[in-house]
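Please open the structure in your viewer and keep the selection panel at hand. The stops below say what to select next and what is there.

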Amino acid sequence: MTPLPDSLLEAVASAAVREGLVDAVFTRLRTPIGRLLVVQGGHGIIRVGFEEEPEDHVLAEVAGHLGPRIVASDRELALTRDTLDAYFAGEGDPHSLPVDLTLVGAPFRRAVLEALHRDIAAGDVVTYGALAERAGNARAYRAAATACARNPVPIVVPCHRVLPSSGGIGRYGGGPERKRTLLELEGSLPTSR
Amino acid sequence: MTTVALPPFWSLVEAHGDELLAHARRLAGDQHAEDVVQDALLRALRAYPRLRHADHLRAWLYRVTTTAAIDAHRARRRELPTDDVPAVATHDTYDEGAFETLIAPLPDGVRTALRLRFVDDLDYEGIADRLGISAVAARQRVSSAIRTLRERLPA
């Protein structure tokens, strides 16, 4: 059977957005760290999924919070796509994009990710302890590490910029290889072995 | 927000879009199929949060597509000067001109039931669902209409 043409799908998605029929829009983006699924609601990007995460699960998770009217559109998310494409080409910083941290249940973890999104620009790095302090509790570095490990909006909320005080690049929700690639891209890969 | 866990709408579109397009082609012809699907998906999206359960979503999308095809057909008929109808009808995938002429004298609800049964090939459950009547009533409506039509046909 013939699949639906992209032009038809884009037309449906655009009309749906114009009519206010949509809870969230998603797009798939090819990047040096693999395909990303980017899901955006009315308040900002709510979820970024790495390619090994099943799309249905990621979208269902968003549907559970924002509603099931989720459509795909490259055109509706053109600004988001351009910003991320530019970032992966070495220009700009995706933390300029708005995020929606609705999927983060625990208030402190949310505060951690808000501080990270607000304060830590490309080229900067921060330790888990210093990030916990920015979020209002210097001793809660473990909670800060958990917040980063479960970050629903990686790249845009830059948990790859959070490093252990003991040296090295530490852990990453998407795997240490991706963290290394992102830090390299930003010119802030730690040189120490 | 909905009370039932409906799947993300686009998961349905990506899973069933191709067969809905094929269904629309059968109902409306190649020329109109994409418009029908586009209209159907928007109608489905409007209704989606109000669905009371997440069962039979594929069948539901088929029904929405069928309805969109019927409405598009009606809208096109209204736009056509009446003397153009036979010429246009020959382009259709089935002889709907003859079918529509045959059922034209019947009441509106009966015609809809017949179209759902013979044009869209829905079963009585599907017709019942679409018309908001019981399956038994749907079967009776279709069979009594067939009797009426038989009586009217020249022997």
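Two residues are in contact if their C-beta atoms, placed from the backbone, lie within 7 Å. This is a predicted model, in which local features need pLDDT of at least 70 and side-chain atom pairs count only at pLDDT 80 or more, while totals for chains, interfaces and linings use all residues. Residues are numbered from 1 along each chain as its sequence is written, and chains are lettered from A and ligands numbered from 1 in the order in which they are written.

Select both chains to begin with: 22 residues of chain B are in contact with 20 residues of chain A. On the chain B side, helix H1 (9-28) and helix H2 (30-47) each supply at least two of these residues, and H1(B) gives the most, with eight; helices (H or I, at least four residues) and strands (E, at least two) are DSSP runs, numbered from the N terminus. The side of chain B that touches chain A consists of 14 nonpolar, four polar and four charged residues, where Ala, Val, Leu, Ile, Met, Phe, Trp, Tyr, Cys and Pro count as nonpolar, Asp, Glu, Lys and Arg as charged, and the others, Gly among them, as polar.

Next, show chain A alone, whose secondary structure comes to seven helices and six strands, in the order α-β-β-β-α-β-α-α-β-α-α-β-α from the N terminus on. Along its principal axes, the C-alpha trace of chain A spans about 55 × 35 × 25 Å.

Now colour residues 6-96 of chain A as domain 1 and residues 107-185 as domain 2, with bounds that come from an automatic or database domain assignment. The C-alpha centres of these two domains of chain A lie 23 Å apart, and eleven residues of domain 1 are in contact with 14 residues of domain 2. On the domain 1 side of that contact there are seven nonpolar, two polar and two charged residues.

Finally, select helix H4 (residues 107-119) and helix H6 (residues 141-149) of chain A, whose axes come within 9 Å and cross at roughly 75°; axes are lines fitted to C-alpha atoms, for helices over the stretch in contact, and angles run from 0 to 180 degrees between N-to-C directions. Because of that crossing, H4(A) is roughly perpendicular to H6(A), a term for angles of 65 to 115 degrees. Show the side chains here: Phe108(A), Arg109(A), Val112(A) and Leu113(A) in H4(A) meet Ala143(A), Ala144(A), Thr146(A) and Ala147(A) in H6(A).

Definitions and conventions: Parallel < 35°, antiparallel > 145°, perpendicular 65-115°, else oblique.
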